[in-house]
Amino acid sequence: MHVPDGYLDAATTAGTAAVAAAGVALALRGSRRELDERTAPMAGLTAAFVFAVQMMNFPVAYGTSGHLIGGALTAVLVGPWTAVLCMTVVLLVQALVFADGGLTALGTNVTLMGLVAVAVGYGAFAGLRRVLPDGRTGVLAAAGVGAFLSVPAAALVFAGLFGLGGVADVSLAAVAAAMGGVHLLIGLGEAAITVAVLGAVLAVRPDLVRGARHLTRSAGTLAPRPEAAGRPRTPNTTAPMPPAHPAAEQPALIRTDAR
């Protein structure tokens with residue numbers, strides 16, 4: 001999915017850069033409503049996870065391979081605006097340090113994986129949440145469908161951009177067929193990874209999943225921390241102190257007898 005330098009002409013590259021800059025600016029403003037004491041550290045952890053997982057590829061048909069995009073997963077975990085910022089940071093580091101995606105194509109990659117994948121993935125998740133059962137299974141099903149749809153959607157948008165300003169001598173039909181067909185399969189892997197990660201987090205700390213905080217509110221309490229079941233509780237330091245040992249008062253009795 002990472003677009004290298006020189007695949008699109010200058011006008012199309014500049015246009016996607018402008019779209020990406022506008023999207024990131026809106027995300028900086030919108031993320032203020034999402035970042036709190038739980039979401040802020042989760043955003044860093046999620047960005048690091050997506051960065052690491054994007055470096056690993058899984059085999060797809062016809063000798064090709066794919067990797068997780070992570071747009072839907074990140075949006076469900078930390079919110080869509082914060083997800084755009086996380087994806088932008090991941091793509092920037094990949095382009096600067098690992099040459100994964102071109103520097104001049106950074107705006108194109110942010111548009112595809114940071115804006116389109118997040119918008120389609122979270123939009124499908126939010127829409128399905130309204131019609132699916134309001135429980136853990138419903139959250140995972142909605143996230144899985146959103147993750148699946150986000151991948152071919154980003155691929156087809158790239159095909160459209162290639163139709164506008166592609167410089168390679170390949171027909172638009174061939175690009176659309178290749179991108180759409182392969183990325184349908186990659187979308188299945190995206191959905192499986194997204195459901196597995198969200199299921200693991202929901203099992204221990206559902207309050208950390210922003211898109212599933214209604215589960216915590218309906219339960220009326222936070223999920224217990226894993227160590228709470230195996231460790232004794234900290235002694236209550238505010239409990240009244242036991243009376244002093246009778247021997248401690250003996251010197252006063254001795255002084256009384258002496259008088």
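Select V93 first: at 33% relative accessibility, this residue counts as partly exposed, a class that lies between buried (under 20% relative accessible area) and exposed (over 50%), computed with a 1.4 Å probe on protein chains only. V93 belongs to helix α4, residues 80-97; helices here are DSSP runs of H or I with at least four residues, strands are runs of E with at least two, and both are numbered from the N terminus. The model is predicted, so local features need pLDDT of at least 70 and side-chain atom pairs count only at pLDDT 80 or more, while totals for chains, interfaces and linings use all residues. Residues are numbered from 1 along each chain as its sequence is written, and side-chain values use heavy atoms, with hydrogens and water left out.

Next, add M55, M56, V89, L92, L96, V97, F98 and L103 to V93; together they make a nonpolar surface patch of about 830 Å². Patch members have over 30% relative accessible area and no salt bridge; nonpolar side chains (Val, Leu, Ile, Met, Phe, Trp, Tyr) are joined within 5 Å, and like charges within 9 Å. The areas come from the Shrake-Rupley method with a 1.4 Å probe, and for residues only the protein chains shown count as cover.

Now turn to the charged pairs. A salt bridge is a side-chain nitrogen of Lys or Arg within 4 Å of a carboxyl oxygen of Asp or Glu, and by this rule there are three.

Select D36 and R213, whose closest N and O atoms are 3.0 Å apart in a salt bridge. This pair links distant parts of the chain, 177 residues apart: D36 is in the loop between α1 (10-30) and α2 (39-54), and R213 is in helix α8 (residues 213-219). D36 is partly exposed at 25% relative accessibility, whereas R213 is buried at 14%.

Move to D207 and R38, which form a salt bridge at 3.8 Å, N to O. D207 sits in the loop between α7 (172-204) and α8, and R38 in the loop between α1 and α2, 169 residues apart. D207 is buried at 0% relative accessibility; R38, at 26%, is partly exposed.

Add R205, which meets D207 in a salt bridge at 2.7 Å, N to O. Shared partners thus join R38, R205 and D207 into one network.

Finally, select residues 140-162 and 182-204, two of the spans that an unreviewed UniProt entry lists as "transmembrane region"; such annotations may be inferred rather than shown by experiment, feature names are shortened, and positions follow the numbering used here. Residues 140-162 are 100% helix and 0% strand, with end C-alpha atoms 34 Å apart.
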